[in-house]
Amino acid sequence: MTVETLHFQAEVSKLLDIVVHALYSQKDIFLRELISNASDACDRLRYAAITEPALAEGDAAFKVRLVSDEAAGLLTIADNGIGMNRAELIENLGTIAHSGTRRFAEALAAQNGKPDAKKALSLIGQFGVGFYSAFMVADRVDVISRKAGETEGWKWSSDGAGDFTVEPFDGAPRGTRIVLTLKDDAKEYLKPEALRRIVKTYSDHIDLPVVLADGEKEETVNTASALWARPKCEVTPEQYAEFYHHVGHAFDDPWLTVHMHAEGAIEYSGLVFVPTERPFDLFDPDRKQRLKLYVRRVFITDDCEGLVPSYLRFLKGVVDTPDLPLNVSRETLQDNPLVRKIGRGLVSRVLAEIGKTAEDKEKYAEFWEAFGAVLKEGIYEDFERRATLLDLCRFQSSLKDGWIGLADYLAEMPEGQEHIYYLTGDSAEALKANPQIEGFTAKGVNVLLLTDAIDEFWTAMAPPYKDRKFASVGGAGADLARIKGAAADETAPEAEKPEDDKPRADIAALATMMKTALGDEVTEVKPSSRLTSSPVCLVSGDAGVSLHLERLLKAHNRTGAHAARVLEINPGHPVIAALARRAADGADIADAAWLLLDQARIVEGEPVADAAAFSRRLTAMMEKGLF
Ligand code: ADP
Ligand code: MG
């Protein structure tokens, strides 16, 4: 029969090159990757055989065998799992079809040119390289596989240099056998002590036996019992971390580990991790949760929508229950009331554990910076837990450095402040400089600076926190008069405003003339009670979408949502006062009005509508000032 030679996808070749050269100091992990794949393959067959017992071919004693042939320099990792047919060998081992490696390659490509070893390492840390790690220790890799339920066996071979071959292979047992021709500097992996040590360190938690085989003799080297089913006191932090690496296909360490056994009406065990680093697929549009569901140690699915809500999709781990039937169909799981109940128990526990960590501000900030934007989705998706979630939220703010929680925010409100004020935009830096908050700052009123896209959505529903409403500063200028603020603020520029609170006629007239000059570019021009040092600002008012949301939607080609655009002018500012006088004298204030609007746009983070006109007006104005 023929041997076919095929090429690796270009990205695979590049990846292989990097793996081999960057990871030389962490060679041990090749074994964990191959054992992990073998264990996944057994899990998959075990599940498939529930509905189709013939697939197991009478051999359901799943295990991973390690065989070393010191004379020939060969190390074999064999499993009796589901196996691969020809097409799967080509797809799984020759392309970067599976998402982890694909993202990895994309991230590498984004580096332009040759990434250095350190950067590559950190990327590998994020994505993992799975099967390809075999080439760190082997000059040549042969994969012999027969898929459960099929009769033909296949052999895949490569030296990792660009090509691989595929050919039929007679008499292959079911499952996959990976034969590594070890490199000269990797011969240590032929020694039983080395293999024992690595399996103990990285693969002890694997739920099936990993055996060292020497002819008929087999020695089981791992504990081979599901880690999540063991009592907490018997599991070390290192074992938890290694299990997390395996189950989460992750390379960072868990930020939080929650191990629970629930008994009573429903029985289940959960071993759930919050990662330290953002998984690469966190913002994928499918927003799928990734916990694995087991029934009595049998893997059922890692695609169980009803288990935990999508705002907790960053969780990794397993849930195992004896209360579901083994042959439960994956399709109906989403609506299964038992699954929902287990999910609810789990979510409560995980949120409580996350909350407990909040006392350690630095550690909590790590979590919040990685996952806060996702957790906030729950504020509008999970009505029941809104209060809990708001308690877990942290924000940047105009008066404080670092993150603050809502409880602290409320505790520090000055007399007369009723609402929780916020402003949305692209970055906290830009928001801090936004004139809209000047008056708030002058009165010692802290403003939450919200910079995640999701903030536009939950704030739009304005769920109250401890009876305090969230209010956008855009529409809240008028509230300021009621807030006393700190005594020192009596001297703030605002004090220049007339005592009687009546609108000044000259300013009102100026506002009308400006609106006439600006036409439909603004919805309204009105005197401001919030500005101290800036002459103008652009706000969207309380109703409808904010200016920031309008920009976000536009960036995603979703037009149609229009924010109200209110240009507020500062009666206490010398430019506005002078302009009001000139207007009263009958001067044309149109150019000045346009310049002020464009200036407000720039500060708000919007482009000026007509850059040429802006430049012309600015030049004319400078000429007047300079000569
Ligand atoms: P990952 O395990 O993250 O999917 P790998 O690079 O480790 O990535 O493996 C790529 C794919 O090759 C796996 O998803 C699986 O489909 C297939 N595969 C690897 N090893 C085996 C094996 N021992 N048995 C069956 N399939 C395997
Ligand atoms: Mg793998």
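**Close-up 1. Ser 269 and its partner across the strand pair.** In this predicted model, Ser 269 sits opposite Asp 320, a residue of strand β14. The strands involved are β11 (residues 268-275) and β14, and they run antiparallel with 5 bridges joining them. Now look at β12 (residues 292-295): this strand also pairs with β14, but in the parallel sense, over 4 bridges. Pick out Lys 292 here and you'll find that its bridge partner in β14 is Val 318.

**Close-up 2. Strand β14, face by face.** How many of the 6 residues of β14 are buried? It's 6 of the 6 across residues 316-321, so the strand is largely enclosed by the rest of the structure. Side chains in a regular strand alternate between the two faces of the sheet. For β14, Lys 316, Val 318 and Asp 320 are on one side, while Gly 317, Val 319 and Thr 321 are on the other, and all of them are buried. Put simply, both faces of β14 are covered. Asp 320 is the residue facing Ser 269, and Val 318 is the one bridged to Lys 292.

**Close-up 3. The nine-stranded open sheet.** Follow the strands across and the order reads β1-β6-β5-β4-β7-β3-β2-β8-β9, with mixed pairing. Which strands stand at the edges? That would be β1 (4-7) and β9 (217-220); each has a single partner strand, so one side of each is left without a neighbour in the sheet. From one strand to the next, the twist averages 20 degrees. At the β1 edge, the partner is β6 (residues 163-168), paired in the antiparallel sense over 4 bridges. A handy spot to zoom in on is Leu 6, which stands opposite Phe 164 in β6.

**Close-up 4. Helix α2 lying across the sheet strands.** Helix α2 spans residues 29-51 and lies across β2 (64-69), β3 (74-79), β7 (175-182) and β8 (210-214). Relative to β3, the helix runs at about 25 degrees.

**Close-up 5. Helix α17 and what packs around it.** Is α17 (residues 547-555) mostly covered or mostly uncovered? Mostly covered: 7 of its 9 residues are buried. The buried set is Leu 547, His 548, Leu 549, Glu 550, Arg 551, Leu 552 and Leu 553, so charged names such as Glu 550 and Arg 551 turn up alongside the leucines. These buried residues pack against two strands, β16 (420-424) and β20 (536-539), and two helices, α15 (455-461) and α19 (590-604). Just past the end of α17, check the backbone at Asn 557, where phi is positive at about 60 degrees.

Technical notes:
Residues are numbered from 1 along each chain as its sequence is written. Chains are lettered from A and ligands numbered from 1 in the order in which they are written. This is a predicted model: local features need pLDDT of at least 70, side-chain atom pairs count only at pLDDT 80 or more; totals for chains, interfaces and linings use all residues. Side-chain values use heavy atoms; hydrogens and water are left out. Buried means under 20% relative accessible area, exposed over 50%, partly exposed in between (1.4 Å probe, protein chains only). Two strands pair if DSSP finds at least two bridges between them. Axes are lines fitted to C-alpha atoms, for helices over the stretch in contact, and angles run from 0 to 180 degrees between N-to-C directions. Contact means heavy atoms within 4.5 Å.
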